[in-house]
Amino acid sequence: MIPQWIIEKKRDGQGLTGDEIREFVEGYTRGDIPDYQMAAFAMAVFFRGMSEDETAILTDAMMRSGDILDTSAIPLPKVDKHSTGGVGDKISLPLAPLLAACGVAVPMISGRGLGITGGTLDKLESIPGFNVRLPEEQFLAVLRDVGCAMSGQTARLAPADRKLYALRDVTATVPSVPLIVSSILSKKLAEGVDHLVLDVKCGRGAFMKTPESARELAGALVRTARAMGKSVRALVTDMNQPLGRAAGNALEIVESVEVLLGRGPADVELLTLTLGAELLQMAGVAASPAEAVDRLREAIRSGAAMAKFRAMVRAQGGDAEALDDFNRLPAASIQAPLAAPTTGWIGGVDAERVGRACVVLGAGRTRTEDRVDPAVGVSGLAKIGERVEKGRILAVVHANDEGRLAEAKRLLSGAFIFSDRPVEPPALIIERIA
Ligand code: URA
């Protein structure tokens, strides 16, 4: 195979054969095809696109570039959820133990935050001692013993994606539907799950800014996974305002625990239950949406879901007592309220600005090698539709540095839009693709 002939074919808008795609991915993974040829290939795909068949073959080749987790020894349906990322999106944290408490296994390989979108691994690491670098055998042992395990991508899981994603990041080839689809699905399907639900975020705080682009991505993800014989559904959900009332690593652990105790913010609870109900039905554990939601609610009410979360934290070396005593979690030295400049209804909370404020505070990273500050972020965020009196608190900023605090407050004060008449909160769930 001559790599430049394959690049040329795609550049000229011709379809590629399965063998050509596979050989290209295999050659790149081995190091025989250099970054500059893969970069040219990615740019050709960016401009010319790929058919559904080509996308499915690319995804399969990337998934097979490393190990596929063998979860067959666990005699339960294996399920997972993937989100395209947003501000305050902590759904994975309550969802995994909640599903485990309902009799399915959740092998969740998660990522770190980059830019304004937070990452599950950074949030989990704010629990003292929690290990997100489990070797495969230990990951499978936690999964078997607890029912859920959450860890980072190992070097052996979809290595083609690991290399290609870093390359796309620096060659302006990230926003291409076939490349995003193959990147997301190659990692998730290498986890060895039977059923997957995708939360495709849309809006100011998301990768996909418009409902149309989010629908296009969600549809392509579902069709590609189906073409590979996998059971997948997707929701398109709103990310114009942050999810919940907290953004920041330890602060989101607190909010996740609140959800598992049945007193979390309404939007986080709704999305957790909706995604969970999809998976319980797909796994055949519940026959209808109502039955699935009842089971999930009962797991919260009985304390079973919280018990699973404690057990997973303990099994992964974390301080499980921190889930009951939040004083054991990292706390910022400064907690500064942001006061409402006027009286009115909240008409908008710009998730992008809130996300940027969190990055400025140190909760997120601008380069993959940056370290995050687990304690900082915002809590008590006002939500669209709420009425606020002048001088009341719109948010509490948690900071460890006066200069960063000032910059974060400046960003946050521009995030809230006031209306002089009542505002209907936007629908959280925009579309379901099943
Ligand atoms: N997330 C991924 O894992 N890959 C992409 O290409 C985009 C988002």
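**Threonine 272, the cores and the empty spaces**

Biologist: Which helix does threonine 272 lie in?

Modeller: The model is a predicted one. In it, threonine 272 is part of a helix, and that helix is α12.

Biologist: Is threonine 272 buried or exposed, and what is its relative accessible area?

Modeller: Outside its own stretch of sequence, not counting residues up to four places away, threonine 272 touches Ile91, Pro94, Leu95, Leu98 and Val259. Buried means under 20% relative accessible area. Threonine 272 falls under that cut-off and is therefore buried, with a relative accessible area of 1%.

Biologist: Which helix gives the most to the largest nonpolar core?

Modeller: That core has 124 residues, and Leu99, Leu280 and Phe416 touch the most other members. The helix that gives the most supplies 8 residues, and it is α12, residues 266-282.

Biologist: From which domains does this core draw at least three residues each?

Modeller: The chain is divided into domain 1 (3-49), domain 2 (79-323) and domain 3 (330-419). The core draws at least three residues from each of domain 2 and domain 3.

Biologist: Which residues is leucine 99 in contact with, leaving aside neighbours within four places in sequence?

Modeller: Leucine 99 is among the core residues that touch the most other members. Its contacts, with those neighbours left aside, are Val79, Val104, Val106, Gly276, Leu279, Leu280 and Leu296.

Biologist: How many residues does the second, separate core have?

Modeller: Among its members are Ile6, Phe24, Ala39 and Leu179. The count for this second core is 21 residues.

Biologist: How far apart do the C-alpha centres of domain 2 and domain 3 lie?

Modeller: These two domains are in contact, with 24 residues taken from domain 2 and 30 residues from domain 3. Their C-alpha centres lie apart by 24 Å.

Biologist: Why does the largest cavity lie between two domains, and which are they?

Modeller: The structure holds 1 cavity of 30 Å³ or more, and the largest has a volume of about 170 Å³. Of its 23 lining residues, Ile116, Thr117, Gly118, Ala363 and Gly364 are the closest to its centre. The cavity lies between two domains because both give residues to its lining: domain 2 (79-323) and domain 3 (330-419).

Biologist: Which helix gives the most to the lining of the largest cavity?

Modeller: By class, this lining has 8 nonpolar, 11 polar and 4 charged residues. At least two residues each come from α6, α11 (249-260) and α15 (351-361). The one that gives the most, with 3 residues, is α15.

Biologist: Which element gives the most to the lining of the largest pocket?

Modeller: The pocket has a volume of about 1,700 Å³. It is lined by 49 residues, with Gly111, Arg112, Leu114, Tyr165 and Lys187 nearest its centre. The elements that give two or more residues are β1 (79-83), β2 (106-110), α6 (120-125), α8 (159-169) and α9 (177-189). With 6 residues, the one that gives the most is α8.

Biologist: How many charged residues does the lining of the largest pocket have?

Modeller: Sorted by class, the lining has 15 nonpolar and 20 polar residues. The charged residues number 14.

Biologist: What covers the buried residues of α8?

Modeller: The buried residues of α8 are Pro159, Ala160, Asp161, Leu164, Leu167 and Arg168. Their cover includes α2 (18-30), α3 (35-48), α4 (52-63) and α9.

Terms used
Residues numbered from 1 in each chain as written. Predicted model: local features only at pLDDT ≥ 70, side-chain atom pairs only at ≥ 80, totals over all residues. Heavy atoms only, no water. 1 Å grid on protein atoms, 1.4 Å probe; cavity = no way out; pocket = protein on both sides within 12 Å on 5 of 7 lines; lining within 4 Å. Points joined across faces, edges and corners; volume = space filled by probe spheres on them. Helix = DSSP H or I, 4+ residues; strand = E, 2+ residues; numbered from the N terminus. Nonpolar A, V, L, I, M, F, W, Y, C, P; charged D, E, K, R; others polar. Core = buried A, V, L, I, M, F, W, Y, C linked by side-chain atoms within 4.5 Å. Buried < 20%, exposed > 50% of the residue type's maximum accessible area, 1.4 Å probe, protein only. Domains from an automatic or database assignment. Contact = heavy atoms within 4.5 Å.
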